[in-house]
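User: Could you take a close look at the aromatic ring pairs in this one? I'd like to hear how the rings sit against each other and what surrounds them.

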Amino acid sequence: MSVAGFKKQFHKASQLLSEKISGAEGTKLDEDFTEMERKIDVTNKSVFELLSKTTEYLQPNPASRAKLGMLNTMSKIRGQVKTTGYPQTEGLLGDCMLRYGRELGEESAFGSALVDIGEAMKQMAEVKDSLDINVKQNFIDPLQTLQDKDLKEIGHHLKKLEGRRLDFDYKKKRQGKIPDEEIRQAVEKFEESKELAERSMFNFLENDVEQVSQLSALVEAALEYHRLSLEILEELNSTLQNRISTASSRPKKEFKPKSIMSSLETLNSTQHNGVSYSSSIKSTDHEINYSLNGKTHSHPVEQFTPMPQPWSESPNGNSQSEMHMDQPCCRALYDFEPENEGELGFKEGDLIILTNQIDENWYEGMINGESGFFPINYVEVLVALPQ
């Protein structure tokens with residue numbers, strides 16, 4: 001920095017301290033300029049808040065917003081062009097309903113209804129994705145450009161204006177000690193900066209119809225989302241009402257309980273190698289009658305005692321793997337130590353519940369009550385996620 005530049009910075013700092021500490025009064029600008037400056041300041045704050053709140057409107061879950069930020073950053077590091085979208089809650093609910101609805105089968109009215117609602121939820125997730133894209137392209141991106149370009153340029157002019165005002169006020173207070181030529185140059189630069197800042201604010205405020213158009217694009221996107229969602233839900237409601245009518249008019253099956261003894265008789269009356277067996281069960285003893293080559297033989301046997309069932313040593317009879325095999329899961333091939341927030345750590349051999357596939361490289365899963373992301377190539381899938 002040159003000596004002249006250092007002196008100017010000293011003058012500005014000295015004048016600012018005198019105004020803040022000693023209460024010295026600086027040059028006041030006209031009311032029109034002050035009002036425009038206030039409006040620009042409010043606009044700048046509103047754009048910043050709108051960008052943040054609109055993102056929350058599209059995805060209320062802060063954890064999902066954090067996941068998206070982490071995944072997009074990782075995608076950029078890996079050089080992937082395609083970015084990951086929000087995991088829509090409608091889609092996650094739809095996957096859950098489809099999985100269990102298909103397990104129950106078409107014969108189950110409840111299972112069929114779950115499939116119907118699951119497919120509708122998947123459609124609503126796609127509609128929500130379209131809303132995200134629409135709002136980002138037609139509302140968030142233009143606001144971001146407004147903040148990064150127009151408002152940033154106005155802020156630059158206002159900052160420069162404030163610096164030249166401080167320099168001018170410092171020299172004006174020391175008139176007589178400072179050459180008149182320096183004061184005249186300070187006045188000219190002050191006037192020049194004021195005109196630039198004033199013109200940029202005036203042009204911006206006069207063209208605020210562009211911001212109204214962006215707000216209109218937001219409302220149109222929300223209206224289209226709710227219109228399509230209404231169509232999907234109305235069709236779904238009609239389908240469910242038809243299922244209720246069909247299930248209500250269906251003949252009821254009569255419950256016929258089967259006793260354990262009749263089941264045992266059925267098992268004992270089987271034929272094997274030309275010998276037919278039938279058991280005659282009494283309260284005290286048993287006699288088995290069988291026919292061989294046209295002759296009937298009888299043979300008394302001891303009372304029938306069912307064999308005890310082999311039970312697992314554990315009280316529940318279920319191992320860890322059996323607990324997970326009824327839902328999508330995988331087994332860890334290697335140890336994985338999380339390096340970033342949101343990643344899920346595990347040890348080799350651990351069983352992990354799969355909840356979602358983020359992209360071709362990352363799964364989302366849960367182990368021991370904790371959820372997070374982990375690389376696909378670290379695990380072996382035992383039960384795949386539903387397509």
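Analyst: Sure, let's start with one ring: F190 has a relative accessible area of 8%, so it counts as buried. Bear in mind that this is a predicted model. The count of aromatic pairs comes to six. One of them joins F168 and F190, and it is stacked, with 5.6 Å centre to centre and 25 degrees between the planes. That angle gets the stacked label because planes under 30 degrees apart count as such. F168 sits in helix α5 and F190 in helix α6, so this pair ties together parts that are 22 residues apart in sequence. F168 is buried as well, at 12% relative accessibility.

Now for a pair in the strands. Y363 and F374 make a tilted pair, 6.0 Å centre to centre with 55 degrees between the planes. Y363 belongs to strand β7 (residues 362-367) and F374 to strand β8, and the pair links these distant parts of the chain, 11 residues apart. Both rings' residues, Y363 and F374, are buried.

F374 deserves a bit more time. Strand β8 covers residues 370-375, with F374 in it. Its relative accessible area is 0%, so F374 is buried. What does F374 touch, leaving out residues up to four places away in sequence? Its contacts include the aromatics F336, F346, W362 and Y363, and also C330, L344, I352, L354 and V379. N361, E364 and G365 complete that list. Take N361: it is 13 residues from F374 in sequence, while the C-alpha atoms of the two are 8.6 Å apart in space.

Zooming out a little, ring pairs link Y334, F336, F346, Y363, F374 and Y378 into a cluster. So the tilted pair of Y363 and F374 has both its members in that cluster, because rings are paired when their centres lie within 6.5 Å.

Back on the helical side, α5 and α6, which hold F168 and F190, also turn up around helix α7. The cover over the buried residues of α7 includes α5 (109-173) and α6 (180-206), along with α2 (31-58) and α4 (89-104). Buried in α7 are Q211, Q214, A217, L218, A221, A222, Y225, S229, I232 and L236. As for the length of α7, its 41 residues (209-249) should span 60 Å at 1.5 Å a residue, and the end C-alpha atoms are 60 Å apart, which agrees.

Key
Residues are numbered from 1 along each chain as its sequence is written. This is a predicted model: local features need pLDDT of at least 70, side-chain atom pairs count only at pLDDT 80 or more; totals for chains, interfaces and linings use all residues. Side-chain values use heavy atoms; hydrogens and water are left out. Helices (H or I, at least four residues) and strands (E, at least two) are DSSP runs, numbered from the N terminus. Buried means under 20% relative accessible area, exposed over 50%, partly exposed in between (1.4 Å probe, protein chains only). Contact means heavy atoms within 4.5 Å. The expected span of a helix is 1.5 Å times one less than its number of residues. Rings of Phe, Tyr and Trp (its six-membered ring) pair if their centres lie within 6.5 Å; planes under 30 degrees apart count as stacked, over 60 as edge-to-face and the rest as tilted.
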